[in-house]
Amino acid sequence: MRLHDLRVTAFGPFAATVTVDLDDLGSDGLFLLCGPTGAGKSSVLDAICFALYGQVPGERSTARHLRSDGAAPDVAPRVVLEATLSGRRFRFTRSPAWERPKKRGTGTTTQQASALVEERVDGTWTHLTGRIDEAGQLVGRLLGLTMAQFCQVVLLPQGEFQRFLRAGADDRQRLLQSIFRTSRYAEVERWLTDRRRALRQESLDALAGVRSTVHRLSEAGHVPFPDDLALDDPSGTPGDGGTAALTAWAEGLVADAAGAAQAADRRRAAAEDALAAAASACTAAESLAGLRERHARAAAAAAELAEEQDGVEAARAERDAAVRAAPARALVGAHDRAVRGLARAEASADAALRAVGTAAHLVTGTLELDFGDGSPAGTPAVDAATARRALDDVVGRRHRCEAAAGHETTLRRLREAAAARDVEIGEVDDRVAALEVEARELPGRLAALRDEVAAGVAAVEAITTTRERQGAVRAGLEAARRSEELTETLAVAEQDLLDATGRTQRCRERLLDLREARLEGMAAEIAQGLAVGGACPVCGSCQHPEPARRAHDAPDAAAEKQARSDLDDAEVEQQAYGDRVRTLREQLARAREAAQDRPAVQWRAEGDDLARALADLTAGVAALPAARSALARAEERQASLGDELRRLEGRRAALGAGAAADAARADELHRGLRGLLVAEDAPDVATALAALRRDEERWTRALEALEQRERARLAVEETDEAARAEAAACGFASLEEVEAAARTPEQVAALEARVRAHDDAVAATSAALADPELVAAAAAPAPDLDAARAGHGAADAEAGAARTQAEVTAVRAGRLGALADDLRAALAAWEPVRAAHEVAERVATLASGRSGDNRLRLALPAYVVAWRLGQVVEAANDRLGRMSGHRYALEQSDARGGLGIVVRDDWSGERRDPATLSGGETFVVSLALALGLADVVTQESAADGEGSDLETLFVDEGFGSLDPDTLDDVMDTLDELREGGRVVGVVSHVGELRTRITTQLQVTPARSGSTVRLVHADG
């Protein structure tokens, strides 16, 4: 990580915009951030941390806001940082949440925090993200550090970087895992565990195949599995017999099965030969018996056929007569059907004419129907032509009545329209009267509504004024409350300052007392350093007859150094409390000024009064929209009344004109309908139309019946002539002879079948009795069928059993051979998997820390972290030896998984817990450890490009706890870091550092906000 440029606006103590060229500041590799206490030195580090992570370190992260109190109200707080992370240059722009003035009205509103990350690609800034969470994730991924870890190893704020020295094993392990990206070793451990589990399952699956094949061999061979060949666990080997014993056992089963199959095959061949001989003998006996039976059946059938000969001849003659009568019989049937159809047509015609004769009115126009007195049942003597004329007359009259029905409907609609028009004219008159009344009342209503709207507008203006005052009251109330809180806090802070001043005075007095006591015992202290034969540093003599003796409670240099350290710490604490008291007094003065020296109870009472007044005004304003809407509607109504009155007058005139026209049309239609009803002798059109439709239906049926009767009479004449001609052609003298000879198709087929069957049976019987083979068989002696069949059955049963046995043994031998091959393949497949599982088991157990070969019982990630910590300790000791005068060294402890750290005191030979170190000792050891961690991380990044690249390091305060000699050693060590390209920033108010570090960033406080200035003291 390399920082390039920092711009801070309205952040912390910086009210305006300050810019820090970090490339120039770090050009010498070592620079100093200096300035008075409270000027904002640590705020520069806060700005860097905020730009990267969106938070500030230490207790300042709990502050309610980060915006500068001295900045202009509308200036947004912002931090912009350009830095190179993992070889890529980024620009981070962040702004914390702050209260900004409202764009409209008074008061403030909350502006949410924001973030912007850009990357410089080919000389151009490219947008990466504008989300706060994504910005933090990007920094964490590139640096490999959380904000807390960043503060422990890079940005070392006051009291923070000692935490790595005093951290527990778990915290130290998490930090080192994150910095060195040791998660890959955890992935290796997980992979080994998963690989062991997978190989175990694969070995179990392969072993299951071996076991399954062995059990199938046992079942197929009908032999139990030998106990001495039992199979062990998936990582072991087969029992004492081993793989060879399993293979030999399987091959023995295969050999036994092959011998049994050969013996069964020989038995099968002998049984099949015996079966062939018995089958041949049985077939010959059955064939002879069949020939003898066929000859006997033929002789019996010939006798039966001779007895049936006369009946067959009669059937033959009946069949021939029926065949001749068939053509004439069809025409005779057609004549009979025609006669029956004529009778039905005459009956239908008589019924239709009687229906016409029963009508009350049988005169149609000028046509009168003639009903003869001699007709049966009063049937009119009417032919088809007369009926057609009568039907046409009725249809014409019906058409005239249907047209009249439409006129009747029109007349009814006209009368209904006249009634509705009379009603509408009355409604128009009523509406005109109502509108005239409304026009007289409307001006008074308009005046009342205008007064109501004016009152609502005045209430709105009053609400605006009241709300503005409420904002001022809320601000005054908040300032009064803040003033009361600050008064209490200031009292506590002043007491703390008083206590700290007392402690400082006591520490100063103790230091002076120690120095005085040490001066008094200086002779004994010099005598303690004399060597035999060495010159005295006071008198120069090499003889020391009576050296002064040191009292048992005499102070030494270490005690004085500790007293000096305690005084420095007390002065720092006193200065901090003094800064806090001054800050609180300034804040209290601003709060009292904002509260106008009024107590909170007065502000609260005024606020309650304003709230009640606002509630009353709000209730009055609530009705303003309704009043405005009502006024607008009333004004619109006043403008539309005249138009509506004129429209109603026009409508009334149009209704009168329409009533006159409809009355004339109704009179005309009434006269036409009255003449038609008189002609039809009916009370109304519907009655006349119904009577005409009934007459039309009767004449239609009568006409159809008369036409059907004429067609039936012609059909009877035609079929009689054709039937008699066809009967003569077929050899029959009359139609009665044809009827007597006729038979149904089924009867003719039965006669034909009887004749044909008799002829076929006679021919077959004659051929059988003449067959030489049957004649010879009849002359031969009868065979013994039962004995022949019994011999064949016994031979067949024996052959079947032999075949079954041969098939079973052959199948068993083949199956055992295949299973033996499967067993050899299963054993060959299992062996490499078993060996691989054994290796994976040992390696995974070793990596998880559960193996006996793992002395420390450390899992692989913990081992790597412990190894990395050893590198850090080794690198830290290179710095610590020089900074502590080769007194102290760090040692890695095996306790807590190899992540423990102890401090070895080479002067006393003791090992001490870091918690027992003094403030100055803790600072030196912690700084050495931080530098050693940065050395290892940088070396790791240069080696493989992974891990965090820590090129920049900040140390905030703590130098005041060092004595001059130790400070020289520490500064020499920090000065050496320039050679490795590292940049170290020291934050301190110790005056001596200004002469040691030439490149300085000076922070100067002021009422208008702190400022910064880059100074190169050497030039």
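**A first walk through a predicted model**

Mentor: Welcome! Let's start at the beginning of this predicted model. Strands S1 and S2 form a hairpin with 2 residues between them, and Gly12 in the turn has a positive phi of about 60 degrees.

Trainee: Thanks! How many bridges join S1 to S2?

Mentor: Strands of a sheet pair through backbone hydrogen bonds, either parallel or antiparallel. Here S1 and S2 run antiparallel, and Phe11 stands opposite Phe14 in S2. The number of bridges joining S1 to S2 is 6.

Trainee: Which elements give two or more residues to the lining of the second largest cavity?

Mentor: The structure holds 3 cavities of 30 Å³ or more, and the second largest has a volume of about 50 Å³. Its lining includes Leu6, Val8, Phe14, Val18, Ser43 and Val44. The elements giving two or more residues are strand S1 (2-11), strand S2 (14-21) and helix H2 (41-53).

Trainee: And how many residues of that lining are nonpolar, polar and charged?

Mentor: Val20, Ala47 and Val1012 are also among the residues that line the second largest cavity. Sorted by type, the lining residues divide into 8 nonpolar, 1 polar and no charged.

Trainee: Let's move on to helix H12. Why does the distance between its end C-alpha atoms agree with its number of residues?

Mentor: Helix H12 covers residues 557-595, which makes 39 residues. At 1.5 Å a residue, H12 should therefore span 57 Å. Its end C-alpha atoms are 56 Å apart, which agrees with the expected 57 Å.

Trainee: Which residue takes a positive phi just after H12?

Mentor: Look just past the end of the helix, which covers residues 557-595. The phi there is about 60 degrees, and the residue that takes it is Gln596.

Trainee: Now for the sheet with S13, S14 and S15. Which are its edge strands?

Mentor: This open sheet has 3 strands in the order S13-S14-S15, with antiparallel pairing. The twist averages 35 degrees from one strand to the next. An edge strand here pairs on one side only, and the two that do so are strand S13 (888-893) and strand S15 (910-912).

Trainee: Which residue in S14 does Gln892 stand opposite?

Mentor: S13 and strand S14 (residues 900-905) run antiparallel and are joined by 6 bridges. Opposite Gln892, in S14, stands Ile901.

Trainee: Last one! Which helix lies across S13 and S14?

Mentor: Look for the helix made of residues 860-883. This helix runs at about 175 degrees to S13. The helix lying across S13 and S14 is H20.

Key
Residues numbered from 1 in each chain as written. Predicted model: local features only at pLDDT ≥ 70, side-chain atom pairs only at ≥ 80, totals over all residues. Heavy atoms only, no water. Pairing = 2+ DSSP bridges. Helix = DSSP H or I, 4+ residues; strand = E, 2+ residues; numbered from the N terminus. Axes fitted to C-alpha atoms, helices over the stretch in contact; angles between N-to-C directions. Contact = heavy atoms within 4.5 Å. 1 Å grid on protein atoms, 1.4 Å probe; cavity = no way out; pocket = protein on both sides within 12 Å on 5 of 7 lines; lining within 4 Å. Points joined across faces, edges and corners; volume = space filled by probe spheres on them. Nonpolar A, V, L, I, M, F, W, Y, C, P; charged D, E, K, R; others polar. Expected span 1.5 Å × (residues − 1).
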